[in-house]
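Colleague: I should like a close look at the charged side chains of this model, with an account of the surroundings in which they are placed. Please set out the reasoning as you proceed.

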Amino acid sequence: MTTALRLEKITPDNLDTALGIKVHPDQEHLVAPVVKSLAEAYVHPPDVAWPRLILDGDRAVGFLMGFLDIDFAGDGTGKDIRSGLWRLNIAAGEQGRGYGRFAVGAVAAEIRRRGGTRLTATWEPGDDGPERFYLGLGFRLTGETSGDETVGELEL
């Protein structure tokens, strides 16, 4: 990892690069591919989905998508508004270099910039899942699930 880490908005010029981000084949069951994330971003209001390409210099190393101020419970009451990390895809050959930590920090910074005080993330449970990564960053388990996924929160 270099000091030239940055996020870039997905544009027509870098779309193919973003779509080329692939996790290890044995992780494909843990995270949706970038193409699904971008389709989901497209069908949500632009102020909800926050998709970004992760670059180290000029090299694409990953993709993240944050969510901003959604009704997390989905019950229409608006009593449980949250922001957080929707997707994190670090390219197979780039894992273990701090890019995931950078991505979580970037989403946290965006949430803080918008006045938020916590970052919510969900992940597939299991020994082969990313739970150790998230807990190592300071996330705490909430005891909730979202679908079949574990819910964790990071106080900002």
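To begin with R6, what relative accessible area does this residue have, and is it buried, exposed or partly exposed?

Modeller: The model is a predicted one. R6 has a relative accessible area of 32% and is therefore partly exposed, since that class lies between the limit of 20% for buried residues and that of 50% for exposed ones. The partner of R6 is E8: the two residues form a salt bridge in which the closest N and O atoms are 2.8 Å apart. E8 is likewise partly exposed, because its relative accessible area is 27%.

This bridge belongs to a wider set, as a search of the whole structure finds 14 salt bridges. Another of them joins E94 to R97, with 2.7 Å between the closest N and O atoms. Here the two partners fall into separate classes of exposure. E94 has a relative accessible area of 12% and is therefore buried, whereas R97, at 40%, counts as partly exposed.

A further bridge is found where the side chains of R140 and E153 meet, at 3.1 Å from N to O. R140 belongs to strand β6 (residues 140-146) and E153 to strand β7 (residues 149-155), so this pair ties together parts of the chain that are 13 residues apart in sequence. R140 counts as partly exposed because its relative accessibility is 43%; E153, with a value of 4%, counts as buried. Both residues also take part in a network of salt bridges, whose members are D80, R82, R118, R140, E144 and E153.

Other acidic residues form a patch on the surface. D26, E28, D127 and D128 together make up a negative surface patch, and residues enter such a patch only if they have no salt bridge. One of the four, D26, is placed in the loop between α1 (15-19) and α2 (34-43). D26 counts as exposed because its relative accessibility reaches 57%, which is over the 50% limit for that class.

The aromatic residues complete the picture. The structure holds 5 aromatic pairs. In one of them, W123 and Y134 are stacked, because their ring centres lie 4.8 Å apart and their planes meet at 10°. This pair links distant parts of the chain, with W123 in strand β5 (residues 118-123) and Y134 in helix α4 (residues 131-136), 11 residues apart. Both rings belong to buried residues: W123 has a relative accessibility of 2%, and Y134 one of 6%. Y134 also pairs with F133, in this case edge-to-face, with 5.0 Å from centre to centre and 70° between the planes. F133 is partly exposed, because its relative accessible area is 30%. These contacts are part of a cluster in which ring pairs link W123, F133, Y134 and F139.

To return to the residue you named, R6 is partly exposed at 32%, and its salt bridge is formed with E8. By contrast with these two partly exposed residues, the acidic partners in the other two bridges described, E94 and E153, are buried.

Notes: Residues numbered from 1 in each chain as written. Predicted model: local features only at pLDDT ≥ 70, side-chain atom pairs only at ≥ 80, totals over all residues. Heavy atoms only, no water. Patch = residues over 30% accessible without salt bridge, like charges linked within 9 Å, V, L, I, M, F, W, Y side chains within 5 Å. Areas by Shrake-Rupley, 256 points an atom, 1.4 Å probe, with all protein chains shown as cover. Salt bridge = Lys/Arg side-chain N within 4 Å of Asp/Glu carboxyl O. Lys, Arg positive; Asp, Glu negative; His and termini not counted. Charge placed at Lys NZ, Arg CZ, Asp CG, Glu CD. Helix = DSSP H or I, 4+ residues; strand = E, 2+ residues; numbered from the N terminus. Buried < 20%, exposed > 50% of the residue type's maximum accessible area, 1.4 Å probe, protein only. Phe/Tyr/Trp six-rings, centres within 6.5 Å; stacked < 30°, edge-to-face > 60°.
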